[in-house]
Structures are given as C-alpha cells and as structure tokens.
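Biologist: I'm new to this one and would like to learn how to read it. Could you walk me through it, a feature at a time?

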Amino acid sequence: MRARARLGTAAVFPDPAAYGSRLFGPTAAAAGGDALDRMRIVPPVFMPERLEKLIDLAREPEFDDVDLTTRVGGFTARLPLYLSAFGSTRAGSGDLAVHASRQAARLGIPMVIGENMVPVHGYRRTGAGGGDATRSALLARVEAYLEAAPDGVGGIVVQQSTEDADSEVWNLLYSDPAFRPLLETGRLAFELKTGQGAKPGLGGMTVVGRAEAAQLARRFTVREVFGPEAPRSLRCATPGTFTEEILRQQLRFMRNNFPKARTWVKFHPGRDIGHAARTAWAAGADAVTVDGAEGGTGWAPGVFLDQVGLPLAEALRRVGTPSGCLLATGGVWEGGRAVRALALGAGAVGLGRAALVAVDEDPEHGLERLVDALALELRLLVSALGKYTPAALAPDDLWSPPPYPYPDADQYPYPDPYAGHAPSPAHDHARTPVSTPSTPTSTPSTPGPAPADGPGSPE
C-alpha cells in the first residue's frame, strides 16, 4: 500500500530497472505447491508393458530402454521437449537467445521464436555506414539453429501476433531463401499466438527508453506508467480479438497461404481452453500450445502473474483427451513436472525461463546440461511406471491428494481403480481415464466428475 501511495501506476509492475536482467513469474506465495507439483507419480505393482518389453528384448528392461523420440507438432524431436518462445524482450532477443537456439538445435528439439521480433527489432538492420544489411535478432537465431541442427530432427516455429501480421512477418519468412532448407525438409511452422500464461487477455509488454518509445509509438501503444519524468515507458501490444469463427478463418488462411509450413496455435489458460483447443484441432492445427498460469515472461503486471489464468494442471484437465498434438508450458524445468504434464495429455513440454537461466549460467552448454538431467529423470520415471515411451503415460499414473474441491469431499474415499469402481473426482486431475464411466455408478446422489470446461468446472 505504501509503495502504491508513493509510486502510483509504477507500483503495478516490477521495478523497471530490472527489465532485461530478470525473468518474471508468480511470486513464491502464489506459485508454491501448485496442483501439478502436488500430484504424485504412482507406479503400479503389475506391469504388463514391462513384460512386453522384456519379451521383445529377451532380457529385463532398464531405464535406458525408454525411447524419448517424439513427434512434436509435425516435427521429429529427440526428446518430448521444445524451446519456448522468448519474444522481443531484452532478455529473450539478445546473445542468450542465440546461444539457446544453437543448443536447442544440437539437442534435436524444436525452437519457437516469439512475437514482435520484427516490429521491434526489424527484419534486417542496416550495416555500419549504410552498407549491406546484416542479420536481425530473429534471423540471428534462425542462422544459429540451422548451423547446429542435425538432419531430420527439430524445427523452427515463428509466432505471429496482431502487430506481426501488420508487418507481414510470415510472408517475409516464407519467401526468404534463408528459410528454404527448413521448408524443403518440413521443419518450419508458423504459430498463431492468441495469448500467454503470464498475462492472459493482454498483449506483449516491454520497457523501453524515451527515444525507442517515440520510434515504437507508430506501431504500439506507449504508456507513461512509471511517471511523466521517468526515463522509461511501457510499450504495449494488442492481444488480438478471437471468436470461434475468427480462429477457424485464421487457421484456414495459414494452411492455404503457407502450405509447406506446419500450423500451430498458442492459447492462454482461459476458462474455455478445452473448447478452444478442440476448435483449433478441428480446423487443422498441427499443434495446440497451452501456456499455464505458472508460465514466465519478460514483463507483466504483478496482479496478472499472481492472480489471473488457470494453473497448467487445470488447463490440461479441461482439454481432456487431446484429438491432436497438445503442447504444455508453465514452470517446467525438471523431469517430475514434465512427466506429470505428459501423463495429463501433453505430447511435449516447453522450456522457457529454465532455458534462459541455464544459458545465462553457461552460454555454451548450460541448456544441454539442464536437458541431459531432465532426460535422465524422464527415463527413470517412465521406466518406473513400467512404460517405455512418453506417449504411453496416462492420467492413472498420477495421484492427487485431498482436499477435493467438492462440497461433500468426505464422501469420496480413494477407491482402487482396478476393483471395478470409477475413481473419485480429485483435485486438479487432468481428465478421467478412458475406462472410467462418465456417470456415477453408486447412488443417484453421488455426483460424477466435473465437465471438461464450462460453468460446472472447479475454478
């Protein structure tokens, strides 16, 4: 309260002096012990899939027998991972991003390049003395990735937002000879961004100096939230307006105009996320990315970081059984959280803040070491469940502790799912296993599981 009385609108945001040197997410109080982290991974006693693997190998399976190769939005990846979008913030568009791109390529995982890179940094910048154009921030990342990418794996995904569309970013890339190797090998995708987990319903935000603010004001809204005499201003992008029909038309446009590129769409963790994801898959999206509220950002109002959007576990629960490739981001940095997201339906998980922190620690190999550790944990955990591919994971590999978010929670003991009874609805379960009846099997007074999304879902 004192800070707001002293600073006014500046107190709504983190300290602008930290822009470009810090990554932001929910505070410890808001993020600690979220629903995904509270779930436990629960191996069964009887493991028929391990027996199948034993017969296939003619020996006892080991964790090294887990095959982590995954199809991610139309690409082949060596791991069920991808490098999340960094965007145009200072932390995400400088040397660290280039180092992260190079390491992601060596790891054989796809890389997403975030929105507003071209409107903010330009597509090409003039060289010294007005000579030949040199690579922009976006093209520097693409070049670094292509130099290190092995044949046949990985891929590059380029987001586009409202301001990017005005700059015709996808048209520039699709016609640029630099992207021909990606198009010829089927490793280019365009991602329609409708929002992000750190600030659902808002567009991108960055902190800029006075001179840059004057230049960007032609394309963006610039606000003096830090005070009229402050050396910095807030640059705001528009989030775009979407309805079911607008989304379908946008995806149809992408598929028709860029037939050699994969079609991705990214949603913020909205209350209708299940309906949005199904709409996108029905319209032909190769991948749907769900960004949980735990997701990080280069800049956002504190109230959004702590209080807005569905947690990743609940967003995945509302999506239910995916009818296409589902990708998930939001606070992923180690194998346990990745396994839980994969068990809840995700085909792969994204590394954002964790990747930048790792590269900041070691620009040459930090991300590779982080991923090596995560991959080892994945193999250990997946094999402990008696399974040998990430795609084999399922919701019944997880257990959620009470309390349940239902009025008569004490009426719901933990049943044995193998005793012929439906599992009780549990807090932040992603979805009911396919074998579970969708209606109660005991008495008429016993409520069944909550619907995938809508007014009846627990908030």
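Modeller: Happy to. Keep in mind that this is a predicted model. Let's start from one residue, A355, which sits in helix 17.

Biologist: Is A355 buried or exposed?

Modeller: For that you look at relative accessible area, and under 20% counts as buried. A355 has 0% relative accessibility, so it counts as buried.

Biologist: And which residues does A355 contact, leaving aside its neighbours within four places in sequence?

Modeller: Those are L83, F86, L367 and L370. You can also set sequence against space: A355 and E368 are 13 residues apart along the chain, and their C-alpha atoms are 9.2 Å apart.

Biologist: How do helix 17 and helix 18 pack?

Modeller: With a helix pair you read an angle and a distance. Helix 17 covers residues 353–361 and helix 18 covers residues 366–384; they pack at about 125 degrees, with axes 7 Å apart. An angle over 145 would count as roughly antiparallel, and 65 to 115 as roughly perpendicular. The two helices are therefore oblique to each other.

Biologist: Which residues meet there?

Modeller: From helix 17 come A354, A355, A358 and V359, and from helix 18 come G366, L367 and L370. Sorted by type, the residues of this contact are six nonpolar, one polar and no charged.

Biologist: What about the loop between helix 17 and helix 18?

Modeller: Look at D362, which is placed in that loop. In a loop, check whether a side chain reaches the backbone. A polar atom of the D362 side chain lies 3.0 Å from the backbone nitrogen of E364, and the D362 side chain also reaches the backbone nitrogen of H365 at 3.3 Å. Not counting residues up to four places away in sequence, D362 touches Q103 and R369.

Biologist: Can I read a whole helix for burial, say helix 13?

Modeller: Sure, go residue by residue. Helix 13 spans residues 273–282 and is mostly covered, with seven of its ten residues buried. They are I273, G274, A276, A277, T279, A280 and W281.

Biologist: What covers the buried residues of helix 13?

Modeller: The cover includes helix 12, strand 13, strand 14, helix 15 and strand 15. Just after helix 13, check the backbone too: G284 takes a positive phi of about 100 degrees.

Biologist: You mentioned strand 13. Which residue should I look at there?

Modeller: Try K266, which lies in strand 13, residues 262–267. Its relative accessible area is 9%, so K266 is buried. Then ask what its side chain meets: K266 and D291 are joined by a side-chain polar contact of 3.4 Å. Beyond its sequence neighbours within four places, K266 is in contact with several residues, including Q159, E191, T289 and D291.

Biologist: How many disulfides does the structure hold?

Modeller: The general idea is that a disulfide is a covalent bond between the sulfur atoms of two cysteines. Here there are zero disulfides. You can still read cysteines for burial: C236 is buried, with a relative accessible area of 14%, and C325 counts as buried at 17%.

Biologist: Now step back. How do I read the chain as a whole?

Modeller: Begin with counts: the protein chain has 18 helices and 17 strands. Then take burial, where 51% of the 459 residues count as buried. Last, see how contacts span the sequence: among those between residues at least 6 apart, 72% join residues at least 24 apart.

Methods
Residues numbered from 1 in each chain as written. Predicted model: local features only at pLDDT ≥ 70, side-chain atom pairs only at ≥ 80, totals over all residues. Heavy atoms only, no water. Helix = DSSP H or I, 4+ residues; strand = E, 2+ residues; numbered from the N terminus. Buried < 20%, exposed > 50% of the residue type's maximum accessible area, 1.4 Å probe, protein only. Polar contact = N/O pair within 3.5 Å; in protein donor to acceptor, adjacent residues only side chain to side chain. Contact = heavy atoms within 4.5 Å. Disulfide = S-S within 2.5 Å. Axes fitted to C-alpha atoms, helices over the stretch in contact; angles between N-to-C directions. Parallel < 35°, antiparallel > 145°, perpendicular 65-115°, else oblique. Nonpolar A, V, L, I, M, F, W, Y, C, P; charged D, E, K, R; others polar.
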